[in-house]
Structures are given as structure tokens and as C-alpha cells.
Amino acid sequence: MEENQLMESGVSELNSNAFFIDPVRILNRSYTRFRVSPSTYYSRFFDSLNSAQSPKASEDSRKGKRKRKKKKIQSLNEREQIADRRHQEVKPFLLKAHEALLKATDLLKVLRNLRNDGCAVGECKELSQESSELSFMELGGVWQAPLCEIVLNYQQDDKTLQNGGSPLTQSIEQKVTPVFNNLVANEGSYDIEAELFNHKYIIPKRSCFYMSDMQQIDSLIPAGSDCGFNLIVIDPPWENGSARQKVRYPTLPNRYFLSLPVKQLCHTSGALVALWVTNREKLRDFVENDLFPKWGVTYAASFYWLKVKANGMLTGELDLFHHRPYECLLLGYCDGKDTHSGNSTRLNPIPDNRVFISVPGDYSRKPPIGELLLDYVPGSMPARCVELFAREMIAGWTSWGNEPLHFQDSRYFVSKTTEN
């Protein structure tokens, strides 16, 4: 049953409080002509030796390594003790979710093959280390940035169809528009290919992006609050020693995020705000005592993303203090103008300590969790959704940040093969 759920939607319920998700299947529901390549999404944790091992054998191997290492027992300071108490409180939920995954034997078989899932001959490509990527942050910082234009290629192929639904004729209509400080939208029912400086990007159906730095985010604020957003997902580039060490992306001091206009982005009926945070207690304290109050957000619940390898085992030791194999998603509500009127929507209570499990993609790439949150979003459906500091796009969403096209590069995609 879990396998069928995963195949159909990309989400499989393990128990009442835990889910396994396949980000590739979820993302591919945003596309018609292209699809995310699982072999490029799952660029880590699919080592052939580890994948072939059974979960028990892998666990025994890790225990052996732990015995060979002599760990120095260090006392925890006050802040670390608070962080450890948080960890001990959520640990039973994480263990129960992981145990449910390990018992789902059919699902584990699917998990081991996710990287090659659905790949036709020649489709399972590897990302070339030599292949160049545009640095949108560098490009957006030069004086010529306002002159940079992106070409959107719309295929007008939905007028003349064969019996099987494939187009008989195709014509391309191009639209040229500024790529920075401008809302770039694909309002059609098909994904499109875009070009920028000889690089190609895939834009999902019914989606848009606004690429700018934080100084221009006010341009995203809707003219009327009834055009605001019901669901706001935020993945800030927090100060993070690991991120700096890997030189994956620049981070910002935490105080910079106080200026985000979350309240102004909300729909008149309010919004559910989902904020990704690390496990550092200093950051949690900042969010609870400074950031959420400044944004006008009232805390509601916490979800947890538990990371596993292709063989179902955790990507690291659960109790390893500074590198735990899970991340936290803090959920809260931001009131809208209609919250205290008779027009407010009755909301489903958000279950606390819910766990969703997946194999991670690239560094810092979060799984698409919007669908798991829709039951708790205020206002009418379909919800208006926005992701701040986005690095990829999803159908029906607005993506804002200084590199929302990062994972839209065509090298992460393959063309859909024609079905016979």
C-alpha cells in the first residue's frame, strides 16, 4: 500500500504522524514536457556498496566504528543543555517514524532504486563537475544587471493534436523580459524552456519568480491584501559554519531577516508561515523571541525532516550533537485583516512533532513540503503560495530570492519520452 501511494503522489503515509516522500515525484507533477532527473536530484547517499547493504548490516558496521573511536566526554553549556532537551523530546517521534520505514519492506525496495527510477536508456545522466553554472548573485550585482534579459520560449502546440494527444505541429512564441527585479511568469498549462546567456532553464506551468536581493523584496508585496499569500515558506541562508566551509552559498547575519515584510505579504485571511531552522539553540531562541514577534507570527507546531540513505538508514548518528540527521520546520500563523471578523476560516489543528522522511538531494536543498501543509492553510483554496529564498520553482507558486533558477537549470532535467 505504501508503495502504491508513493508511486501515485510521491507521498506515502507510514503511520498517523510520519510520511515518506519522494521529492522527484512531487516536483514532476509541475511539469508536462520535461521532468526532474532522479539521477541528478539524488546526487548523494546512493553509494553502491552502502545501498546494497541491509539496514541491519549497515547499523552493525556503524556500531563497530563507534567502538573503535574513543570519544571525549564534554560537558554541555546551558544553551547546549536546552538544545539536548529539545532533542530528547523529539527523539521518540523520530525513532518511531524510522522504525515504521524499516518495517515497510516494499517501500525500502523502491527507495533503493529511486536514483534510477523511470530512467530510459541514456536518461540517467550524471552532473559534470566541469559544467559551468551562472552565478546569479554575481550577475545581479553588476551595473549591467538591469539590462539582463531572459527569453521565454512558449510552444504553441495545443491546437492541433493527434489521436494519442501528441502535437502534429509546433510553433514557438518568444517573450523577452528583464530577469532581475521583475516578476517573470509562466501562466500557461505547460512548462517552458527559457534562455539566459546560452544557459537553458525549465520554468514550471503556472509559476512565477522574482529574482532580487533583500533590498528589493518590497516589490513582491501585493497591491491589495486580498492578493497576498496564504502559505509562506521561508528557507533563510542562516549563519552556518558548515555552509561557509563548503562554500556552497553566502550566508547572512540573523538580524537581516528581521526586515522581511512577512506581515505585508499575508493574505487578508491570514497565512501559515513555515520557517526552516537549524538545530542550533541560539537560532531557535532568536526565532522565538525576536523573529516571530517582529513578523507578527504566532508559533503553532514543529515538523521534522528526517534524512535517510538509499538503504533506509539515517544519514548520521541520531545523537551526534552538531550533525544530527534531521532539520526542523517551525510553523506559525500570521493574522490577516479578516482574522477577527466573521469571514475567518476554521482551521484544522496542526499536529505537533510530525515527521517526514526522504533521501536528501544536493546540499541545503529542501524537499517540497507544501502539499503536507495545505490542510492547515487559512483562506480559500487554491492557496496562494510563496517561497522566500527559493532556489527552485513549483507549479502554482511564486519563488523569490537571488537564485530561484538555480535548480531549474536544464542539466537537472530530461525531456519526457513519448509514450507508445
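Which residue forms a salt bridge with Lys 91? In this predicted model, the partner is Asp 319, and the closest N and O atoms of the two lie 2.9 Å apart. The contact links distant parts of the chain: Lys 91 belongs to helix α6 (residues 78-103), while Asp 319 sits in the loop between β12 and β13 (326-334), 228 residues away. Lys 91 counts as buried at 19% relative accessibility, because the cut-off for buried is under 20%. Asp 319, with a relative accessible area of 42%, is partly exposed.

Side chains of opposite charge can pair when their charged atoms come close. A search of the whole structure finds 13 salt bridges, and a few more are worth a look. Glu 327 pairs with Lys 366, with 3.7 Å between the closest N and O atoms. Here strand β13, home of Glu 327, is linked to the loop between β14 (354-358) and α12 (370-373), where Lys 366 is found, 39 residues apart. Both ends are buried: Glu 327 has 16% relative accessibility, and Lys 366 has 13%.

Arg 391 and Glu 403 also meet in a salt bridge, at 3.8 Å from N to O. Arg 391 lies in the loop between β15 and β16, and Glu 403 in the loop between β16 and β17 (413-415), 12 residues apart. Arg 391 is buried at 13% relative accessibility, and Glu 403 is buried at 10%. Elsewhere, salt bridges with shared partners join Arg 86, Glu 281, Arg 284 and Glu 288 into one network.

Aromatic rings make contacts of their own, and the same kind of search finds 11 aromatic pairs. One of them brings together Phe 257 and Phe 389 in an edge-to-face arrangement, with 5.6 Å between centres and 90 degrees between planes. Phe 257 comes from the loop between α9 (241-246) and α10 (262-265), and Phe 389 from the loop between β15 (385-388) and β16 (397-401), 132 residues apart. Both of these residues are buried. Together with Trp 238 and Trp 400, Phe 257 and Phe 389 form one aromatic cluster.

The rings of Trp 276 and Trp 305 have centres 5.9 Å apart and planes at 75 degrees, so this pair is edge-to-face. Trp 276 is in strand β11 (residues 271-277) and Trp 305 in strand β12 (residues 297-307), so the pair ties together parts 29 residues apart in sequence. Trp 276 is buried, with a relative accessible area of 2%, and Trp 305 is buried with 2%.

Charges meet rings as well. The charged end of Lys 307 sits over the ring of Trp 305, 4.8 Å from its centre.

Terms used:
Residues are numbered from 1 along each chain as its sequence is written. This is a predicted model: local features need pLDDT of at least 70, side-chain atom pairs count only at pLDDT 80 or more; totals for chains, interfaces and linings use all residues. Side-chain values use heavy atoms; hydrogens and water are left out. Rings of Phe, Tyr and Trp (its six-membered ring) pair if their centres lie within 6.5 Å; planes under 30 degrees apart count as stacked, over 60 as edge-to-face and the rest as tilted. Helices (H or I, at least four residues) and strands (E, at least two) are DSSP runs, numbered from the N terminus. Buried means under 20% relative accessible area, exposed over 50%, partly exposed in between (1.4 Å probe, protein chains only). A charge sits over a ring if NZ of Lys or CZ of Arg is within 6 Å of the ring centre and within 35 degrees of the ring normal. A salt bridge is a side-chain nitrogen of Lys or Arg within 4 Å of a carboxyl oxygen of Asp or Glu.
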